[in-house]
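Reader: Hi! Could you walk me through this model?
Author: Happy to, here it comes.
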Amino acid sequence: PLPSSLVPGIPPAIDRALLQSLSLNPNERQQTVQDFGHAFDYDATNGDGGGGNIGNINIDVNGTNATFSGSFVADDGDVGNVDITMQGTGVSGSIWISAGYLSGDVAGPGGFDDYVRGGNVGDVTVDINGTAATVDVSINTSGGSIGNVSYSLQGANASGWIGLEAHATDRSGAPSSNGTIGGIDIVLGDNVNFSGFVLADVGT
């Protein structure tokens with residue numbers, strides 16, 4: 001059966017990417033893990049979701065030198081809870097999750113982006129554990145909230161970056177909704193390299 005028939009809310013393009021990976025003809029499958037990961041970039045941005053909601057996102061990558069990259073975009077809707085686990089020596093990833101709609105730049109000093117509408121992202125859990133792991137995670141909303149955030153980075157010489165942005169809508173001057181972020185809990189192991197960016201925007 002199609003994954004979307006078992007888990008409501010999965011976009012049709014995700015069905016196609018998974019079915020391609022299971023093709024009986026090896027030449028029709030994605031040839032690398034990177035190819036499979038990039039399929040999710042396309043799936044999230046090609047309009048299949050119609051700007052609707054995305055349910056819970058669970059990413060579990062475990063293996064030496066394993067890699068995953070993906071984008072999950074709900075232009076005018078909500079994203080459920082996010083659970084990201086990346087484990088293994090040399091594991092790497094780049095993940096972008098968005099519940100915001102960007103209409104373009106606002107004229108004037110600074111050229112701020114104009115977020116006209118959007119939604120919420122639920123609670124976020126990120127667990128990175130691996131020697132020389134390298135994982136970047138970016139989550140943004142507009143006119144909505146990001147729930148509680150729990151982040152753990154473990155492993156010798158592991159490197160992690162997280163960006164959390166809850167933008168206010170209509171920064172160009174129209175009435176707006178403020179962005180909010182819940183509690184943030186960060187746990188770092190020995191000999192790790194961590195950096196991050198947090199923004200909760202107040203509108204006009």
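Author: Strands β3 and β6 run parallel and are joined by six bridges. Strands here are DSSP runs (E, at least two residues) numbered from the N terminus, and two of them pair if DSSP finds at least two bridges between them.
Reader: Good start. How far can I lean on it?
Author: This is a predicted model, so local features need pLDDT of at least 70 and side-chain atom pairs pLDDT 80 or more, while totals for chains, interfaces and linings use all residues. Residues are numbered from 1 along each chain as its sequence is written, and side-chain values use heavy atoms, leaving out hydrogens and water.
Reader: Thanks! What stands opposite I128 in β6?
Author: That's M86.
Reader: And which strand does β6 join with six bridges besides that?
Author: Strand β9 (residues 149-154), again running parallel. In β9, S152 is the bridge partner of D127.
Reader: Which way do the side chains of β6 point?
Author: They alternate along residues 124-129: V124, V126 and I128 are buried on one face, while T125, D127 and N129 point to the other and are not buried. Buried means under 20% relative accessible area, exposed over 50%, partly exposed in between (1.4 Å probe, protein chains only).
Reader: Back to β3, is T85 buried or exposed?
Author: T85 counts as buried because its relative accessibility is 17%. T85 sits in β3, residues 82-87. Beyond its neighbours within four places in sequence, T85 contacts I59, D60, V61 and D127, with contact meaning heavy atoms within 4.5 Å.
Reader: New topic: where does I186 lie?
Author: I186 is in strand β12, and counts as partly exposed because its relative accessibility is 39%.

Note on methods:
Helices (H or I, at least four residues) and strands (E, at least two) are DSSP runs, numbered from the N terminus.
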